[in-house]
Amino acid sequence: KIIGTNRNLVRGRIGRVVCMGGALDVPGNTSPVAEFNFFADPYAVKELLMPSRPELGLPLDRFFLLPLDITTPHELPFPVYQTRVDPSFSNMNTPSVAGEKKPLIHFTSSFLEHTRTVMLQFGKDAMELHDIVAVWCAIANPPSSTTLSPGWGMHKRTFEIERIGELTRGMLIIDRREDEAAYAPGANRAFVQEELDKHQLAHGPWESTAVPAAVEVESLVSSFHDGPRILCITKTPGHNALLQLLLERVWGV
């Protein structure tokens, strides 16, 4: 009721919204193309970021999106936790024993044991810090600041949200033909790969830095061309900076 009758008042009091969700130029983590949060309710994402009535959506000038592209590299390696925080830390087969441990360390080790067991099934001995990166961003860049803090960077991106696809639900669809922040070869990726094969050049860095050939493409779909440009975080002070901050602020080591 408050939002319905005082919508402008509520929107005006929003300092900043920092959201962890989506995957732009990297694979998803719930499906091949979708991140967990956006996969869970793509209709809500669509209504908040691209509402049929713009006055009902979020104030996008105060909205930061942190997709998997930027959050995935930030991790808490379990061997580091074991070395710096709890030398007796192992996994679910060897549960934490309170003993002489500080209550906080016993608590974190107890739930991280399960996390480690799950992550090892995916071949990774670390916990990915997706939501923690978003919290870090919110703390480091308060609403009172008009510019990003040193070490942080962002870029405006335009995309559509797939809501009903059998295989693509929650996918962020990007028109790469005129997106300077997307994969460099854009619509001509196949052409670039063909040229690499023709000249027997190794695939790798060349694929993402090659300049696309000049070709004619069909007109941009209006929903892309006229869609909102979302502020996406593209740079942080680095995964080591966050790891050290966690160790110091949470465990005091």
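**View 1. Lys124 and Glu128 form a salt bridge in this predicted model.** The closest N and O atoms of the pair are 2.7 Å apart. Lys124 is partly exposed, with a relative accessible area of 23%. Glu128 is also partly exposed, at 26%. The pair does not stand alone: salt bridges with shared partners join Glu75, Lys124 and Glu128 into one network.

**View 2. Asp125 meets Arg116 in a salt bridge.** Here N and O lie 2.8 Å apart. Asp125 is partly exposed, with a relative accessible area of 27%. Arg116, at 11%, is buried.

**View 3. Asp61 is paired with Arg62.** Their closest N and O atoms are 3.6 Å apart, and the contact is a salt bridge. Asp61 is exposed, with a relative accessible area of 58%. Arg62 counts as partly exposed, at 22%. The model has seven salt bridges by the rule used here.

**View 4. Helix 4 has a buried face.** The helix spans residues 42–49. Pro42, Val45, Lys46 and Leu49 are its buried residues. Seen down the helix axis, these residues fall within an arc of 100°, so they line one face. An α-helix has 3.6 residues a turn, so residues three or four places apart point the same way. What covers the buried residues of helix 4? The cover includes helix 3 (36–40), strand 2 (63–66), strand 6 (160–161) and strand 8 (230–235).

**View 5. The largest nonpolar core holds 24 residues.** Leu76, Tyr81, Leu112, Leu129, Ile233 and Trp251 touch the most other members. At least two residues come from each of strand 2, helix 6 (78–84), helix 7 (103–121), helix 8 (130–140), strand 8 and helix 12 (239–251). Helix 12 gives the largest share, five residues. The core also draws on two domains: domain 1 (2–73 + 129–177 + 224–236) and domain 2 (75–128) each supply at least three residues. Apart from this core lies another, of 15 residues, including Cys19, Val45, Ile174 and Ile230.

**View 6. Trp251 belongs to the largest nonpolar core.** Which residues does Trp251 touch, not counting residues up to four places away in sequence? They are Leu76, Tyr81, Val85, Leu104, Ile105, Thr108 and Leu246. Leu76 and Tyr81 are, like Trp251, among the core residues that touch the most other members.

**View 7. His74 is buried in a loop.** The loop runs between helix 5 (68–71) and strand 3 (75–77). Relative accessibility at His74 is 3%. Neighbours within four places in sequence are left aside in this view. His74 then contacts Met127, Glu128, Leu129, Val133, Trp136, Thr236, Gly238, His239 and Leu242. Glu128 also appears in View 1, as the salt-bridge partner of Lys124. Leu129 also appears in View 5, as a member of the largest nonpolar core.

**View 8. Pro73 sits in the loop between helix 5 and strand 3.** Is Pro73 buried or partly exposed? Pro73 counts as partly exposed, at 45% relative accessibility. Leaving out residues up to four places away in sequence, Pro73 touches Leu68 and His239. Pro73 and His239 are 166 residues apart in sequence. Their C-alpha atoms are 6.6 Å apart in space. His239 is also one of the residues in contact with His74.

Terms used:
Residues are numbered from 1 along each chain as its sequence is written. This is a predicted model: local features need pLDDT of at least 70, side-chain atom pairs count only at pLDDT 80 or more; totals for chains, interfaces and linings use all residues. Side-chain values use heavy atoms; hydrogens and water are left out. A salt bridge is a side-chain nitrogen of Lys or Arg within 4 Å of a carboxyl oxygen of Asp or Glu. Buried means under 20% relative accessible area, exposed over 50%, partly exposed in between (1.4 Å probe, protein chains only). Helices (H or I, at least four residues) and strands (E, at least two) are DSSP runs, numbered from the N terminus. The arc is that of the directions from the helix axis to the C-beta atoms. Contact means heavy atoms within 4.5 Å. A nonpolar core is a set of buried Ala, Val, Leu, Ile, Met, Phe, Trp, Tyr and Cys residues joined through side-chain atoms within 4.5 Å. Domain bounds come from an automatic or database domain assignment.
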